[in-house]
Amino acid sequence: EGVLNECYREDEHRAQLIINHELSYYGHSSVIKLAAEGQSIKFMAHPCCQDFLTNTWKGNLSSKNSMFRFFLGLLFGLTMPLFIPKVMLYENSDKSGLNLDDEGYSNAQESKPEDESLEDMESRPIIKRSFATSLHLSALEYWMKIRDFYLSPIVRFVYHTISYALFLVLFSYLILVDFHVHFSVVEYIVLAWVITLFIEEIKQIAWAVLSGISFSTYISDGWNKLDCAGLILYIVGFILRLMVLSKFGSIPNMSKEMEAYIILTDDITVPSRICMAFSLFVFYIRLMYTFSFHIALGPKLIMIGKMVTNDLIPFMIILTVIMVGYAVAAQSIAYPNGYYTSENLAINGTVQGMQFIDTIFAMYTTAYFQMFGDFSLDALQGEDRNCQNGMCPTKTSRWLVPIMLGFYVLLTNILMFNLLIAMFSKTYEEIESASTYYWNYQRYQMIAEYVRRSPLVPPIIIFWHFYEAYDAIRNKCAIIRSNEQTKNNPFCVSFKDVKKEREMVKWEHMKAMDYLREPSTKSGGKRSGVESRAVVFRGVGTGAGIGPGPAMDLKTEMSAVTEGIGMELERRFKDLDSHFQRFNEVDSRLTEVTQTLSTLGEVVRQVTATQEQIIKKISELPTCQCIELVDDISSSDKGEKDDKTKTGKKRTKLELAVQSALEAAKDVLRPPTPPPPPPAEPLPPREADIPITAGAPGSEGESSGTEEPGDPQADPVEVPTSEEPNTGRAIQRKLAGHRLWRFTPFNFEKYPGMRMNVPPDKIAWTVRYPDYFAYDSSEETVLYPDDSAHDGENFQHGVTFGSSAILRSIPFNTFDSKNHIRRQSLLGRYRLDPNTGAPLNPMGRSGLLGKGLLPRWGPNHSVVVVVTRWSINPKTGSAVMRGNRGVLQVVALERNKRFCVPWFFTDHTNKCDFDECVPTLIRAFFEARARACCSERRADRLLRRIDKAEVTQIFKGYLDDQLNADGGWLETVVINYHEGEGRGAQLTDDIMKVFSETVSDEQVKWMEVAHNSNLRTSHNYILKSVAEIKGAFY
């Protein structure tokens, strides 16, 4: 719906073309048909869909036709069809050509021979047309206008409605005054009418079944139930009618009196007439279907249906229970065993009684009509005429039953009926606004029905049925389904030119991208909540064929669809990323501009002061002294201070004043000399404390003299070679019996976190999600030092995965003795995909295909190292406080204004205890890196401080990270190293050298622990947990 909004906002016509063009990979359906089958009510109520339905409803007739012109056209359509083009207005032929030919659309009307000949003749030069050709062209165009009139759905609807109303009039006349033993002319006409209605109903059922709609779905519609009920009742009545005819039809010269006696008393004629009367009643109710097309009456019918289904039927069930209970109790008290009570009743006297059927009938009729005010108190109290004939109720019931009646009426007439009115009112208020949406949805079904209806009306529609049957037999019954889907079907049209179709899909693709980017551009990028959106793009094809489905072929099709815009999309993504980076640099640039403006203001003040001094000196010179000659002594060698050769020259005082002014002006305009470095300040209580954003290459306060380099041999590291610095590489070390490696640079992904948005109710693997299409990250590249560091290739859309046998050979949920790695999960046993053998993420669908960028299938064990210290004010030496809480600093990696906490992959063995081996592994890492980066003395001092640090395990388990995929996920142990207390325990910038890698352009910095949008999302949650444990500000 959001993508449709974007398309409809830019181009209404092209948006309508998008929703009705054929999708070959979706059963040759279209967007609007899929939305209708999926009962997407809001989508169907969109203005674009409603405008399209309005255009479809009128066909090729112009919307400028007035009501008078339209009714005149209908009259001529019944009497003089040749005058129709002279009365009716049609859509402009030029406009139609633009809508269809320019967009490359085709439908069944254009595929007919006369249309092809018309197009051929129109394509010839006008000067070469003969008179006969022009006459033939005009005749074809005239005939097409007549045909378009009769094929218009609105015209079909009016003619079918008139025909149905005429059928009801004839049927009513038959039941009221023309129902005889022998068939009359009116009955023959009604019979023919019903036969055509029966054939039309069979045709609709056959079309529904051949289109993939089950009979149960078809019969679930209320109007179809009425059609079937009316036809069945008529068929039963007609069969009984034939039995009457066979019984009495052989009687010659039947008199009027005898015929009347048979009609009134015959046991077969009476039920036959009753069935036909009920059939007529059902057909009358079916007439209300025509009201559904009205914008005011249609929603009212929907509300009536909802009230009957949701309110009236449950109410009637409760009311029936109350009525049956009262009726049985009252009848058993008034007439025990069906006996009447007589005033002169004796022991051996005769007692009258009722039959069982009479008892049941009297019991329910009396109780039912008493609800509506017909209390019959005379009969209840034994004062009616029947009681005088010895048919009285019992004496006890004459006072007890009226009391029961009072409570019965109070419960039903006052309480229950008022409750029903309240229920109706509440239902009306609830569905009043939604009823319009339902009507918009049902409007599609009504228009689609009349698009398929015959232009001929009953009973002459029988000729159309014969024509369709002939066509179906000639084409081996395949024409029924194919014609319904493609022939004269405005809801599913196809392109004649694949290039035009690609351009349309490209435009839709671009609008979808605009829709996905729209929330980040509103309100400065702020969102009130998390919005989940999924966009499915369709490919371009001309046939279904046999082969992989749309999910497997989507990548190939999208490559063809996006031909010519792929580079444009990539450029836009890069531009968007550069804009974000520029936005992050705005603060620093504003600071530079502020400093420049401050310097410029100081220069202006100095120039003003110098100018005032020059004017003052010149004004102090007397006029007579301005031309007085004086000696000008200049230094011949400014580089020597001891030996100066002075040369004297006579100059006027005015010249000397001007020269001194020029020299002063040069001094002012000369760039300022940078001030000498300030003297070293006394060290604060923390040794070598550095600012929050100090980098690793900076000097340390404790260093003096020339620093000896470390021993690179102490840290053997394996780094894959790559000419491109932005390519993701795995830097690997082997320490303490483990493999320890991490990605560098840490944010090498082009589109980090890109994945398909999965609805919350579809995340679980146990929930079917046939439309699930995970994001393929195969375009990203990660280089590993050797093949043992990863499990091989990943899944790709449209590419047959060649490692299925490898996946099934991996011993998941146990120790992999071949690769010496532990493949158990901290969450317990995980499921495997029965088709591919790949493990399934315990948290459900992630929206990322396969194992994504992770090295291992299944659990990928990792370690997050959080090194923290308290933030100290360098001027006062006191702790920085915010919200009455101390502020933590953490060592973080920074690249392109993005941050993350140092983290590493690792492979555990079956003997590993995470609580013990992880601290040992990280201690070995610290030692190796310290020996390689620092001199021996500084390395020993750093390791002592690390040993004095407070080591805490923050978290162990599944980490909700952007790298998690369907077949691979991160399981992490988070270790916090917090600086110890006392002198000689503070962490200095040597700790940052440990995490700095020379092969990467990453920077290592101290940053404050607080929520940071530029920090890796999963690490934000980790730092929040660390701050809560330490009682620090966050």
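This report walks through the overall make-up, the annotated spans, a surface patch, some backbone oddities and the cysteines of one chain.

The model is predicted, so a cut-off applies throughout: local features need pLDDT of at least 70, side-chain atom pairs count only at pLDDT 80 or more, and totals for chains, interfaces and linings use all residues. Residues are numbered from 1 along each chain as its sequence is written, and side-chain values use heavy atoms, with hydrogens and water left out.

**Overall picture**

The chain holds 33 helices and 20 strands. These are DSSP runs numbered from the N terminus, with helices being H or I of at least four residues and strands being E of at least two. Out of 1034 residues, 42% come out as buried. Buried here is under 20% relative accessible area, exposed is over 50%, and partly exposed is in between (1.4 Å probe, protein chains only).

Looking at contacts (heavy atoms within 4.5 Å) with a separation of 6 or more, 74% of them are between residues 24 or more positions apart. About 57,400 Å² of the chain is exposed, and carbon and sulfur atoms supply 59% of that area. Areas come from the Shrake-Rupley method with a 1.4 Å probe, and for residues only the protein chains shown count as cover.

**Annotated spans**

An unreviewed UniProt entry carries the annotation "transmembrane region" for residues 67-84, 157-176, 231-250, 270-291, 312-335 and 399-421. The positions are in the numbering used here, feature names are shortened, and annotations may be inferred rather than shown by experiment. Here is how two of those spans look in the model.

| Span | End C-alpha distance | Helix | Strand |
|---|---|---|---|
| residues 157-176 | 28 Å | 100% | 0% |
| residues 270-291 | 33 Å | 77% | 0% |

**A nonpolar patch**

On the surface, Phe 198, Ile 202, Ile 235, Ile 239 and Met 243 make up a nonpolar patch with about 430 Å² of accessible area together. Helix H12 (185-210) and helix H14 (222-248) are the elements that give it two or more residues, and H14 has the largest share, with three. For the rules: patch residues have over 30% relative accessible area and no salt bridge, like charges are joined within 9 Å, and nonpolar side chains (Val, Leu, Ile, Met, Phe, Trp, Tyr) within 5 Å. A salt bridge is a side-chain nitrogen of Lys or Arg within 4 Å of a carboxyl oxygen of Asp or Glu. Ile 239 sits in helix H14 and counts as partly exposed because its relative accessibility is 45%.

**Backbone oddities**

Most residues other than glycine have a negative phi, and most peptide bonds are trans. Pro 458 and Pro 459 are joined by a cis peptide bond with omega about 0°, and Pro 459 lies in the loop between helix H21 (397-452) and helix H22 (461-474). The bond from Thr 744 to Pro 745 is also cis, with omega near -10°; Pro 745 is in the loop between strand S8 (738-744) and strand S9 (782-783).

Asn 337 is not a glycine, yet has a positive phi of about 55°. Asn 337 is in the loop between helix H17 (297-334) and helix H18 (356-370), and counts as exposed because its relative accessibility is 70%. Ala 736 likewise has a positive phi, about 50°.

**Cysteines**

Searching the whole structure turns up zero disulfides, a disulfide being a pair of cysteine sulfur atoms within 2.5 Å. For Cys 49, the nearest cysteine sulfur is that of Cys 48, 5.6 Å away. Cys 49 is buried, with a relative accessible area of 0%.
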